[in-house]
Amino acid sequence: MQKRKQKTKYLLPIAFAMILVISLVLGIAFMRNSLMKLTIEERSNQLEEMVTQIQANLESGLQTHWNLAAGLNNAAQGNHFKNSQDVSDNIAHMENDFCTDLYGCRVMLLDEQGTAYLSDGTAGIWYDISHLLDSKKRHTFVSETDNIDGSFLVFSQELDAPITMGENNVRFTHVALLKDIQTVKQYYTTTTYGGSAATYIIKKNGTLAYFDADNDDVIGARNIYKALEEAEYVQGQSFDTVKEQLDRNGIAVANILLNQTEYYYCLTSLDDYDMKLMLLIPADSVAVSTMNMMDSTIRTGIIFILAMVLLMLLAVISFIRVQRSSQMVKVEQETNRELNQLRMVAESANAAKSTFLNNMSHDIRTPMNAIIGFTNIAMKHSPSPEIKSCLDKISESSDHLLALINDVLDISRIESGKIKYTPTPVDIAEVTDSVLTIMYGYLSNRNITFQTDLEEPEIRYVLTDAVRVREVLVNILGNAVKFTDDGGTVTYAVSYHPGKDDHHINVRYRIADTGIGMAEEFVDHIFDEFSQEEHGARTQYRGTGLGMAITKQYVDLMGGTISVESRKGVGSTFTVELPMEITDACEVKKKDYSVGNIDLNGLKVLLAEDNDLNAEIAIVQLEELGIQITRAADGEEAVRLFSENPQGTFDLILMDVMMPKMNGYEATKVIRSLQNRPDAVTIPIIAMTANAFAEDVQTSLDAGMNGHLSKPIVMDEVIKTIARNLN
């Protein structure tokens with residue numbers, strides 16, 4: 001009887017524990033199903049938002065090209081050409097005048113027989129003429145022809161007044177803009193999902209027009225619609241339901257399996273362009289936060305179940321031990337919660353720092369422009385020796401402050417991923433030699449022996465980022481000069497070595513000095529941000545301690561390595577190795593930046609600038625060149641002054657970007673779209689703004705501007721840019 005009671009005593013808590021465990025398992029299963037539904041819903045919403053944004057970017061970019069096509073129509077209509085060579089010459093002039101190479105475009109004229117004329121001659125009957133046979137005056141489609149090299153997105157405009165050629169008055173009916181379809185990717189490429197997203201442009205009949213992704217095409221079919229129809233769908237969907245949703249809402253999301261991998265795709269219509277846009281992404285890359293939350297919840301549930309089982313078993317043995325264990329669990333959970341809160345605060349602070357540093361660039365450069373500008377103006381008025389000495393020190397300090405600002409902003413942009421490695425074809429010997437000119441400037445007031453050992457490369461033409469290579473070398477060489485006393489030596493050596501295969505080479509740069517050197521324990525921290533060996537070095541040599549950190553980031557970005565050997569009081573040696581892909585000489589484009597001797601006297605310029613100090617600086621310096629300035633205080637006034645004055649009133653427009661009422665981008669687009677002003681498309685518009693990053697330059701060009709000047713402005717560069725655009 002006693003044993004039965006003893007067994008019953010133990011069976012009750014065990015049965016209770018089992019019931020509790022089963023309840024928890026069922027609860028977790030129910031929670032998992034709820035979270036899965038939430039995940040699917042969030043993935044769909046997230047994809048729809050992303051594709052809607054991409055669609056808006058793409059349509060905005062395509063509209064820019066329609067503006068360009070409209071300008072070509074205005075420039076070409078009603079002309080008469082002598083012969084086909086005259087037609088090709090005029091096409092070449094239009095391409096030059098409208099800077100179509102900046103947009104990745106070519107110009108084509110079509111006669112009424114369907115013969116295509118390009119700047120390099122005729123291309124025969126254009127096979128895509130069938131797209132133009134309806135009654136519409138405008139057409140946009142992906143070219144399917146093979147008698148013109150390349151794959152193009154076509155912007156076709158029926159001429160308002162036909163062009164004629166020769167004595168027989170052969171009529172030309174259409175002007176077309178052939179945009180290299182690879183250049184369209186800037187409008188729809190997204191890095192939001194870490195490069196795992198693939199973007200498809202699909203023709204009206206469902207065939208693939210263009211594919212862009214870091215990886216291979218997992219669909220691997222010419223007809224995307226057919227491949228999607230044959231795919232295995234998840235959650236009871238089908239391609240028919242997707243088409244119904246697409247027809248109803250203009251956008252649709254579906255979940256499919258491809259090669260045993262789950263994917264989501266979002267399909268949206270570009271009705272005005274007879275195309276579809278599709279974003280394909282692995283399921284594990286979408287709604288990562290929800291999936292992590294679900295996994296964390298399940299893991300926590302399992303741990304909780306095990307903990308509860310353990311607690312119930314221990315309760316049979318000792319209530320006190322159960323209490324202690326429960327308390328330990330609570331303490332652990334509270335500690336984890338506090339650690340998570342601290343991590344979130346740290347991540348939020350780091351993100352706020354990067355955002356702040358990026359956003360403050362414009363606000364810092366505006367007063368810097370005033371300081372440097374007024375200093376240069378004062379220097380031109382023959383100041384007394386004492387005043388000139390003060391102005392020289394202001395100028396030197398301004399340059400130093402601007403360099404420090406640029407360093408801080410560069411490291412912030414690297415951390416935020418805004419600086420990318422963009423290799424282009426270059427002559428590596430020219431890149432190596434270009435550093436020497438900068439070095440001689442560093443050495444102009446120093447008694448330092450500068451030795452070079454530059455190996456002549458057998459292979460000269462490679463793919464690399466010349467700007468980043470120069471920045472790395474100039475940074476290291478500048479430090480070598482800075483930390484080497486007069487009488488010392490700096491050595492610059494370059495050698496070339498085999499790469500990982502026959503298509504690559506390794507370029508080795510070795511920079512040695514006999515300067516102050518570094519202690520062995522500091523060498524391990526030389527590439528840390530804000531690192532300086534001694535506080536006295538900061539006072540004597542000046543700097544942020546970011547130079548080597550930026551250099552290391554750039555070398556890593558280019559897939560290279562950097563190492564340093566140094567001894568205190570003996571000197572330092574830096575070795576940089578960069579892998580580079582071999583290319584052909586014909587791929588290297590020689591850029592001609594010469595502007596000739598241009599007299600700017602009498603030039604009439606419309607200056608749009610809302611900041612009174614910056615306007616005063618620009619007006620004083622430009623009027624010294626004989627330029628006549630008319631100022632607009634904002635973009636809206638700039639549009640009004642241009643539109644209300646007759647053609648020829650202004651030869652050029654200098655346009656600030658950040659202005660009230662209407663910013664510079666908006667004002668430029670409005671001016672370019674003025675239909676009653678032939679010079680609205682041709683007048684040079686140059687951005688003159690504190691927005692100084694590479695993406696800001698591209699935004700200016702996309703808005704219809706012809707050039708970009710960054711504040712603080714340098715008058716030599718202003719003069720060259722004005723002269724270059726007038727040419």
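# A guided tour of the sheets, helices and salt bridges

Start by selecting L606 and I653: I653, in β23, is the bridge partner of L606. This is a predicted model, where local features need pLDDT of at least 70, side-chain atom pairs count only at pLDDT 80 or more, and totals for chains, interfaces and linings use all residues. Residues are numbered from 1 along each chain as its sequence is written, and side-chain values use heavy atoms, with hydrogens and water left out.

**Stop 1: the parallel sheet**

Now show strand β21 (residues 604-608) and strand β23 (residues 652-655), which pair in the parallel sense over four bridges. Strands here are DSSP runs of E with at least two residues, helices are runs of H or I with at least four, and both are numbered from the N terminus. Two strands pair if DSSP finds at least two bridges between them.

Widen the selection to the open sheet of five strands, whose order is β22-β21-β23-β24-β25, with parallel pairing. At its edges you will find β22 (628-632) and β25 (707-710), each pairing on one side only. Neighbouring strands of this sheet are turned by 25 degrees against each other on average, direction ignored.

Next, add helix α16 (residues 664-672), which lies across β23 and β24 (685-689) and runs at about 155 degrees to β23. For such angles, axes are lines fitted to C-alpha atoms (for helices over the stretch in contact), and the values run from 0 to 180 degrees between N-to-C directions.

**Stop 2: the antiparallel sheet**

Move on to the open sheet of six strands in the order β9-β8-β13-β12-β11-β10, where the pairing is antiparallel. Its edge strands are β9 (208-212) and β10 (232-233), each of which pairs on one side only. Helix α5 (residues 239-249) packs on this sheet, touching β10, β11 (251-258), β12 (261-270) and β13 (275-282). The direction of α5 makes about 160 degrees with that of β11. Contact means heavy atoms within 4.5 Å.

Select strand β8 (residues 198-203) next: β8 and β9 pair in the antiparallel sense over four bridges. Within that pair, Y200 has F211 in β9 as its bridge partner. Towards β13, β8 is joined by six bridges, again antiparallel, and K203 stands opposite M275 in β13. β12 and β13 pair antiparallel over eight bridges, with Y264 opposite I281 in β13.

How many of the eight residues of β13 are buried? Eight of the eight are, so β13 is largely enclosed by the rest of the structure. (Buried means under 20% relative accessible area, exposed over 50%, and partly exposed in between, with a 1.4 Å probe and protein chains only.) In a regular strand the side chains alternate between the two faces of the sheet. Colour M275, L277, L279 and I281, which point one way from β13, and then K276, M278, L280 and P282, which point the other way.

**Stop 3: two crossing helices**

Show helix α9 (residues 428-442) and helix α10 (residues 466-482): their axes come within 10 Å and cross at roughly 35 degrees. The crossing of α9 past α10 is right-handed, as the near helix is turned clockwise from the far one by less than a right angle.

For the contact itself, select V431, S434, V435, I438, M439 and Y442 in α9, which meet A466, V469, R470, L473, V474, L477, G478 and V481 in α10. The residues of this contact divide into 11 nonpolar, two polar and one charged. Here Ala, Val, Leu, Ile, Met, Phe, Trp, Tyr, Cys and Pro count as nonpolar, Asp, Glu, Lys and Arg as charged, and the others, Gly among them, as polar.

**Stop 4: salt bridges**

The whole structure holds 15 salt bridges, each a side-chain nitrogen of Lys or Arg within 4 Å of a carboxyl oxygen of Asp or Glu. Select D427 and R460, whose side chains meet in one of them (2.9 Å, N to O). D427 lies in strand β14 (residues 424-427) and R460 in the loop between β15 (449-454) and β16 (461-464), so the pair ties together parts that are 33 residues apart in sequence. D427 is buried, at 5% relative accessible area, whereas R460 is partly exposed at 26%.

Then pick R468 and D465, a salt bridge with its closest N and O atoms 3.9 Å apart; both residues are buried.

Finish at D556 and K552, where the closest N and O atoms are 2.8 Å apart. Both lie in helix α13 (residues 547-557), four residues apart, about one turn of the helix. D556 is partly exposed, with a relative accessible area of 40%, and K552 is partly exposed at 26%.
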